[in-house]
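Here are a few exercises to work through with the structure open in your viewer. Try each one yourself before you read the solution.

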Amino acid sequence: MDVITDDAWVVDGIPGQACYRSCRGGSRRNRRVSLRAGTAAGLVRYQPALDRWSRFDPSNSPLPNANTWRLLEDRTGRLWIATPHGVACLEDDRLRWTVYRQDAAALGRDSVLSMCEDRDGGLWFGTDIGVWR
């Protein structure tokens, strides 16, 4: 059963119970498709071809925090994950992670509230004190 509340979904089968954001994605090169969901318990990925769920959290990945507030798939197929403690970038095909934090990147705060990609492929990150590119 799916339940929609203010800004979250509660979905049977997804760890963490609250699904804040989801996106469909996959490699544009090999056309594999997956569903990714940001939850209070980490990033969840469903691969329909394998009928398999995977969960990524700080205990089994470089994800900086289990609360995954926003998801953005860029034009190259990389998944950007906003958390209260930084932004992670996941190259899904290789499970290669890169983490960006306030002290090591051009972020005004670790807590990223929004993300978008402009028409030139530039990424923008919104925090409570401003917007960063």
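**Exercise 1.** In S9, which residue is the bridge partner of Ala-82?

Keep in mind that this is a predicted model. Start with the strands: S8 covers residues 79–83, and S9 covers residues 86–91. These two run antiparallel and are joined by five bridges. Now go to Ala-82 and look across to S9: the partner there is Val-87. Then look over to S7, where Arg-70 stands opposite Ala-82. To finish, trace the chain from S8 to S9, and you'll pass through a hairpin of two residues.

**Exercise 2.** Work out the strand order of the open sheet and find its edge strands.

Step one: take S7 and S8, which run antiparallel with four bridges between them. Step two: extend the sheet, and the order comes out as S7-S8-S9-S10, with antiparallel pairing across four strands. Step three: look for strands that pair on one side only, and you land on S7 (70–73) and S10 (96–100). As for the twist, neighbouring strands here are turned by 20° against each other on average, ignoring direction. While you're at this sheet, check the hairpin of S7 and S8: five residues lie between the strands, and Gly-77 takes a positive phi near 95°.

**Exercise 3.** Is S8 largely enclosed or not, and why?

Sort its side chains by direction first. Leu-79, Ile-81 and Thr-83 point one way, while Trp-80 and Ala-82 point the other way. Next, check burial, where the cut-off is under 20% relative accessible area. The residues on both sides pass as buried. That makes five of the five residues of S8 buried, so the strand is largely enclosed by the rest of the structure.

**Exercise 4.** Classify the ring pair of Tyr-46 and Trp-53, then say whether Trp-53 is buried, partly exposed or exposed.

The structure holds four aromatic pairs. For Tyr-46 and Trp-53, the ring centres are 4.9 Å apart, which is inside the 6.5 Å limit for a pair. Their planes sit at 40°, so the pair is tilted. On to accessibility: Trp-53 comes in at 42% relative accessibility, so it counts as partly exposed. For one more aromatic stop, go back to Trp-80 in S8: together with Tyr-100 and Phe-125, Trp-80 forms one aromatic cluster.

Notes:
Residues numbered from 1 in each chain as written. Predicted model: local features only at pLDDT ≥ 70, side-chain atom pairs only at ≥ 80, totals over all residues. Heavy atoms only, no water. Pairing = 2+ DSSP bridges. Axes fitted to C-alpha atoms, helices over the stretch in contact; angles between N-to-C directions. Phe/Tyr/Trp six-rings, centres within 6.5 Å; stacked < 30°, edge-to-face > 60°. Buried < 20%, exposed > 50% of the residue type's maximum accessible area, 1.4 Å probe, protein only.
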